[in-house]
Amino acid sequence: MPILDIHFLLQSWLDHGWLRDPQAVGLRTFEAQELAARGFDAISDGGQLCLYEDARLFRRAGRPVPASFKVYLQRGQLGANGLELGYQVHLAGFLRAARQPLPACRVLLEHGGRSGALLFDNGLVLQFATNLRGKPRHYYLTLVEGHVADAQLPDRDSDIDLRAASARHVQAIYDSRDPAELQRLARRGNAALRELASLLA
């Protein structure tokens, strides 16, 4: 399987709110049997929810980008999928390369602006953080979590709403910022925050 450009893969999450094509990560389907056969580790709550996780390799501008690909199955049906990226992909670089206009989203930031999340109307969550050392110059995309819309799972019999749970999680960590407040914070904030505010203006 050819190694995909990470920006191409991330665009699929932006377009649909989740990764729809299993072939993009070397799978035939997102079903439990396929994931187990391909060596994914499974962590189950013993009932409704099971997380499958495995390492995948992508590329960006000729360099390798290793990531952890995650699949959440609810009662055997796909509920969400995502990527754990670490500090490898610049958030601003991806947003500049993405098709414009960007889907509607809310900006959430921790106090001080060193980390945060973009929460999209389609349920997609992009978490980001500044570089670990030195002054915070750029945000790095650290976690991508895309959620299948409820309408696409008509037979789901679950009291776990993954979209709501993910939104509650990031809202518990970060404060929501409206566009005017984001611009005001950016004027006195770090370089990474100024870069993000400029892109979302």
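These legends accompany close-up views of a predicted model.

**View 1. An open sheet of 9 strands is the subject here.** Reading across the sheet, the strand order is β1-β2-β3-β4-β8-β7-β6-β5-β9, and the pairing is antiparallel. Which strands stand at the edges? They are β1 (41–44) and β9 (175–177), and each has a single partner strand, so one side of each is left without a neighbour in the sheet. From one strand to the next, the twist averages 25 degrees.

**View 2. Here we zoom in on the pairing of β7 with β8.** Strand β7 covers residues 125–130 and strand β8 covers residues 139–147. The two run in the antiparallel sense and are joined over 6 bridges. To find one of these places yourself, start at Ala-129: its bridge partner in β8 is Tyr-140.

**View 3. Helix α6 packs on the sheet.** This helix takes in residues 191–200 and touches four strands: β5 (105–109), β6 (115–120), β7 and β8. Its direction makes about 50 degrees with that of β8. Which residues of α6 are buried? They are Ala-192, Leu-193, Glu-195, Leu-196 and Ala-197. As you look at their spacing, a general rule is handy. An α-helix has 3.6 residues a turn, so residues three or four places apart point the same way. The cover over the buried residues of α6 includes α3 (91–97) and α5 (179–188), along with β5, β7 and β8. At the start of the helix, look for Asn-190: one of its side-chain oxygens comes to within 3.1 Å of the backbone nitrogen of Ala-192.

**View 4. The largest nonpolar core has 46 residues.** Which residues have the most contacts inside this core? They are Leu-9, Leu-10, Trp-13, Phe-69, Leu-83, Leu-85 and Val-144. Take Leu-10 as a guide: leaving aside its neighbours within four places in sequence, Leu-10 is in contact with Leu-83, Val-89, Phe-94, Leu-141 and Val-144. There is also a second, separate core of 7 residues, with Leu-108, Leu-119, Ala-167 and Tyr-174 among them.

**View 5. Aromatic rings form a cluster in this close-up.** Ring pairs link Trp-13, Phe-30, Phe-40 and Phe-69. In the whole structure, a search finds 5 aromatic pairs. How are the rings of Phe-30 and Phe-69 arranged? Their centres are 6.2 Å apart and their planes lie at 35 degrees, so the pair is tilted. This pair links distant parts of the chain, with the two residues 39 residues apart. Phe-30 sits in the loop between α1 and α2 (32–37), while Phe-69 belongs to strand β3 (residues 63–74). Both Phe-30 and Phe-69 are buried.

**View 6. Asp-5 and Arg-60 meet through their side chains.** A polar contact of 2.8 Å joins the two. Asp-5 is placed in the segment before α1 (6–16). Is Asp-5 buried or exposed? With 15% relative accessibility, Asp-5 counts as buried, because the cut-off for buried is under 20%. Apart from its neighbours within four places in sequence, Asp-5 is in contact with Arg-59, Arg-60 and Ala-61.

**View 7. Two residues with positive phi can be found in loops, Ala-61 and Arg-75.** Some background helps before you look. Most residues other than glycine have a negative phi, and most peptide bonds are trans. Ala-61 has a phi near 55 degrees and lies in the loop between β2 (49–60) and β3. Its relative accessible area is 72%, so Ala-61 is exposed. Arg-75 has a positive phi of about 50 degrees, although it is not a glycine. The place of Arg-75 is the loop between β3 and β4 (77–90), and its relative accessible area of 45% makes it partly exposed.

**View 8. A cis peptide bond runs from Gln-100 to Pro-101.** Omega for this bond is near -5 degrees. You can find Pro-101 in the loop between α3 and β5.

**View 9. Glu-31 and Arg-63 give a sense of distance.** Along the chain they are 32 residues apart, and 31 Å separates their C-alpha atoms. Glu-31 is in the loop between α1 and α2, and at 48% relative accessibility it counts as partly exposed.

How values were computed: Residues are numbered from 1 along each chain as its sequence is written. This is a predicted model: local features need pLDDT of at least 70, side-chain atom pairs count only at pLDDT 80 or more; totals for chains, interfaces and linings use all residues. Side-chain values use heavy atoms; hydrogens and water are left out. A nonpolar core is a set of buried Ala, Val, Leu, Ile, Met, Phe, Trp, Tyr and Cys residues joined through side-chain atoms within 4.5 Å. Buried means under 20% relative accessible area, exposed over 50%, partly exposed in between (1.4 Å probe, protein chains only). Contact means heavy atoms within 4.5 Å. Two strands pair if DSSP finds at least two bridges between them. Axes are lines fitted to C-alpha atoms, for helices over the stretch in contact, and angles run from 0 to 180 degrees between N-to-C directions. A polar contact is a pair of N or O atoms within 3.5 Å; within protein, one must be able to donate a hydrogen and the other to accept it, and residues adjacent in sequence count only if both atoms are side-chain atoms. Rings of Phe, Tyr and Trp (its six-membered ring) pair if their centres lie within 6.5 Å; planes under 30 degrees apart count as stacked, over 60 as edge-to-face and the rest as tilted.
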